[in-house]
Amino acid sequence: MTRISIRLAALIGAAGLAATLAAPAHAGKTLDTIKQRGNINCGVSTGVAGFSAPDSQGQWSGLDADTCRALAAAVLGDAKKVNFVPLNAQQRFAALQSGEVDLLARNTTWTLTRDASLGFHFTTVTYYDGQGFLVPKKLKVTSAKQLKNAEICVQSGTTNEKNLADYFRAQNVKIKPVVFEGFEASFKAFFAGRCQAYTTDVSGLAGLRNKEAKNPDDYMILPDLISKEPLGPLVRRGDDEWFADVKWVIFALIEAEENGLTQANVDEQKANSKDPVVQRILGTSEDTGKLLGLDKEWALRAIKASGNYGEIFERNVGPKSVLKLPRGANNLWSKGGLVYAPPIR
Amino acid sequence: MSVDASATRETSGPPRTRPPLFAWFFQTLLVLALVALIAWLVSNTLAHLRERGIRAGFDFLTQPAGFEIGESWLSYESSQPFWSAFLAGLANTVRVALPGIVLATLLGTVIGLGRLSRNFLLRSISTGCVELLRNVPLLVQLLMWYFALTELLPASNDAVHVAPGIFLSKSGLSFPWWEAGGFDWPMAGELNVIGGASVTPEFLAVWMGLSTYTAAFVAETVRAGIQSVSAGQLHAAMSMGLTPRQALRYIVMPQALRVIVPSITNQYLNLTKNSSLAVAVGYPDLVSVANTALNQTGRAFECIAVIMSVYLVLSLLTSVLMNRYNARVALRGAG
């Protein structure tokens with residue numbers, strides 16, 4: 001009797017296990033899961049100044065962190081309902097593939113391999129970056145072409161290693177990369193003088209120079225950019241609705257800047273604006289939210305939470321922030337930059 | 001008595017509870033079930049990866065790698081395929097593990113003998129070394145070695161000319177090297193020392209860190225091995241007129257080795273596996289190269305599988321060699 005019941009239990013257990021393993025990978029719609037869970041799992045870096053970095057109280061700030069907050073405000077009605085998941089360069093893709101995070105907003109470069117073979121969709125570009133070099137001024141190097149035979153510190157698990165090899169091969173110049181797994185070790189070795197140059201995206205170099213160097217004036221970023229690094233959030237394939245939600249929340253932030261909507265004036269504009277474009281964005285005329293599976297005021301809440309794209313830029317990476325980066329390519333298309341959003345209508 | 005026992009065994013034998021055919025049947029069934037389970041798990045994983053649009057497979061190994069490796073025994077360039085990058089990484093792992101094993105054995109033996117010395121100072125220093133080295137995590141020691149080296153060495157563009165053709169700087173120790181029919185002499189360039197061959201601070205940090213850490217364990221093994229030889233053996237040797245050195249060489253060590261060799265094999269295996277921590281201080285070992293490859297291609301499962309199988313093969317090879325040696329020093333038969 002007991003023996004039979006044990007066997008039966010084992011059989012049922014095995015069948016249950018088999019059923020779980022055989023279940024389809026994405027059980028429900030991401031949006032439904034998020035609403036049920038009550039917060040968004042947002043994959044961020046372990047600390048890249050200006051993009052996603054925690055302060056001493058554990059508050060995350062940065063361009064990527066603000067994007068996630070705007071998204072939470074639009075989707076869940078509360079910008080605080082974001083669960084930031086810090087991921088290193090190697091962990092990030094597995095975390096998104098496995099569903100541990102709902103989106104990856106982690107200064108990740110949009111490339112063909114990542115878009116086409118890892119099971120992801122890149123939503124849009126939130127920062128146009130390029131790879132550059134940080135060098136000590138005392139070496140009197142003024143161009144990347146002078147880095148012949150130089151030892152160059154770089155962090156592994158990024159697009160930077162490949163760009164580095166490509167660039168110097170095209171120049172027919174030999175260099176020696178010194179590859180570190182950890183970000184900390186890589187820049188500490190550079191500041192100790194182990195390498196003659198450090199390479200990563202220029203935004204990262206600015207953060208390093210201004211935050212980690214003992215004396216920032218001893219170092220300079222070379223004018224050469226050796227690659228295009230369009231950075232932006234990405235989501236898993238197989239859920240088009242969620243893909244659209246993330247994309248359009250970012251577009252709404254850009255549209256808001258184009259139309260002069262700011263964190264401060266958005267309520268007043270909602271009450272008084274006669275501009276049909278503004279009315280559509282803020283949901284006073286058409287209900288654009290219905291098409292996205294959201295409510296009427298999704299964009300209004302996103303703008304109120306993080307401000308428009310320009311405000312997010314100024315606060316985190318602009319001339320008044322630690323990074324002191326010029327707007328450059330990240331200005332609106334109407335002001336000579338590349339930032340352009342399809343219309344909300 | 002013994003004749004009796006064997007006679008009984010021949011005639012009746014131990015009672016068999018089940019016919020062998022029955023046992024064979026169930027064992028075959030079990031193996032088949034296991035194989036089926038593994039096959040199903042693999043095919044299920046592959047199906048889901050396909051469903052999510054994730055590419056899988058080892059076909060990427062023949063694609064060009066596209067990244068450089070800082071230092072290598074093999075002539076590797078970024079235009080070569082991934083498998084040669086892996087090979088260059090493996091060569092770097094072996095390049096640090098072998099000298100590590102040699103230095104750890106030498107240092108360990110010296111410290112282990114020091115632990116047994118009658119000299120109070122020598123004994124205390126040896127004990128202190130062992131306790132310090134084996135009680136601080138290896139990763140911390142590696143970082144300590146590395147940052148000490150990079151901070152202490154002279155700047156790369158201001159290398160110290162130690163001897164003709166030998167330079168010391170943060171880029172490492174550069175020395176002349178035979179290349180293409182002549183010696184390639186290093187010279188001080190504008191940014192750093194160019195030409196010749198060099199031993200980098202990354203290599204030095206990993207080599208020193210691994211060998212000193214493992215030496216502490218080797219020392220304890222050596223001490224235990226020597227102490228396992230009964231004191232009577234030593235006394236007998238001395239009374240035969242052997243000097244202490246001769247007694248150690250001909251009487252104590254051959255017996256101690258029987259205890260030492262099996263457990264020192266473990267230390268060699270550990271050292272090789274611990275060399276994977278090299279990635280923390282920028283030494284391009286197999287794990288470092290595989291990490292880069294993993295990120296370029298996104299084939300996490302495949303790259304980890306390569307790492308696992310390479311370390312497995314390395315460890316099994318070390319075991320085979322050490323077992324051969326052990327068979328030589330072990331007691332032969334019960335003669």
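In this predicted model, the secondary structure of chain A comes to 14 helices and 14 strands. The C-alpha trace of chain A extends over about 80 × 75 × 40 Å along its principal axes. Chain A has 345 residues, and 48% of them count as buried. Among the contacts in chain A with a separation of 6 or more, 72% join residues that are 24 or more positions apart.

The domain assignment divides chain A into domain 1, made of residues 30-128 and 231-335, and domain 2, made of residues 131-227. Domain 1 of chain A is thus built from two stretches of sequence, 30-128 and 231-335. Taken over C-alpha atoms, the centres of the two domains of chain A are 30 Å apart. The contact of these domains draws on 13 residues from domain 1 and 10 residues from domain 2. On the side of domain 1 of chain A that touches domain 2, there are 8 nonpolar, 4 polar and 1 charged residues.

Within chain A, helix H14 (309-316) makes a good place to look at packing. This helix is mostly covered, with 6 of its 8 residues buried. The buried residues are A:Tyr309, A:Gly310, A:Glu311, A:Ile312, A:Phe313 and A:Asn316. They pack against strand S3 (60-61), helix H3 (63-76), helix H9 (240-258) and helix H13 (298-306) of chain A.

Another view of the interior of chain A comes from A:Gln269, a residue of helix H10 (266-272) of chain A. A:Gln269 is buried because 22 other C-beta atoms lie within 10 Å, where 20 or more are required. Apart from neighbours within four places in sequence, A:Gln269 has contacts with A:Leu261, A:Val278 and A:Leu282. The last of these partners, A:Leu282, is 13 residues away from A:Gln269 in sequence, and the C-alpha to C-alpha distance between the two is 8.6 Å.

Two asparagines of chain A deserve a look for their backbone geometry. A:Asn107 is not a glycine, yet has a positive phi of about 20°. This residue sits in the loop between strand S5 (103-104) and helix H5 (112-117) of chain A. A:Asn172 is likewise a residue other than glycine with a positive phi, here near 60°. The loop that holds A:Asn172 runs between helix H6 (160-170) and strand S10 (176-180) of chain A. As to their surroundings, A:Asn107 counts as buried because it has 27 C-beta neighbours inside 10 Å. A:Asn172 counts as exposed because it has 7 C-beta neighbours inside 10 Å, and the limit for an exposed residue is 12 or fewer.

Turning to the interface, the contact of the two chains takes 41 residues from chain A and 39 residues from chain B. Several elements of chain A each supply at least two residues to this side: helix H1 (2-22), helix H4 (92-97), H5, H6, S10 and helix H7 (183-191). By class, the side of chain A that touches chain B comprises 17 nonpolar, 13 polar and 11 charged residues.

Chain B offers two helix pairs for inspection. Two packed helices are described by the angle between their axes and the distance between the axes. Helix H9 (286-297) and helix H10 (300-329) of chain B pack at an angle of about 165°, and their axes are 9 Å apart. H9(B) is therefore roughly antiparallel to H10(B), and the crossing of H9(B) and H10(B) is right-handed. From H9(B), the residues B:Leu286, B:Val287, B:Ala290, B:Ala293 and B:Leu294 meet B:Ala300, B:Cys303, B:Val306, B:Ile307 and B:Val310 of H10(B). The contact of H9(B) with H10(B) has 10 nonpolar residues, no polar and no charged.

In the second pair, helix H6 (201-228) and helix H8 (244-274) of chain B pack at an angle of about 160°, with their axes 8 Å apart. This angle makes H6(B) roughly antiparallel to H8(B), and H6(B) passes H8(B) in a right-handed crossing. Residues of H6(B) that take part include B:Leu210, B:Phe217, B:Thr221 and B:Gly225, while those of H8(B) include B:Val252, B:Ile260, B:Gln267 and B:Asn274. The contact of H6(B) with H8(B) divides into 13 nonpolar, 8 polar and no charged residues.

How values were computed: Residues are numbered from 1 along each chain as its sequence is written. Chains are lettered from A and ligands numbered from 1 in the order in which they are written. This is a predicted model: local features need pLDDT of at least 70, side-chain atom pairs count only at pLDDT 80 or more; totals for chains, interfaces and linings use all residues. Helices (H or I, at least four residues) and strands (E, at least two) are DSSP runs, numbered from the N terminus. Axes are lines fitted to C-alpha atoms, for helices over the stretch in contact, and angles run from 0 to 180 degrees between N-to-C directions. Angles under 35 degrees count as roughly parallel, over 145 as roughly antiparallel, 65 to 115 as roughly perpendicular and the rest as oblique. A crossing is left-handed if the near helix is turned anticlockwise from the far one by less than a right angle, and right-handed if clockwise. Two residues are in contact if their C-beta atoms, placed from the backbone, lie within 7 Å. Ala, Val, Leu, Ile, Met, Phe, Trp, Tyr, Cys and Pro count as nonpolar, Asp, Glu, Lys and Arg as charged, and the others, Gly among them, as polar. Domain bounds come from an automatic or database domain assignment.
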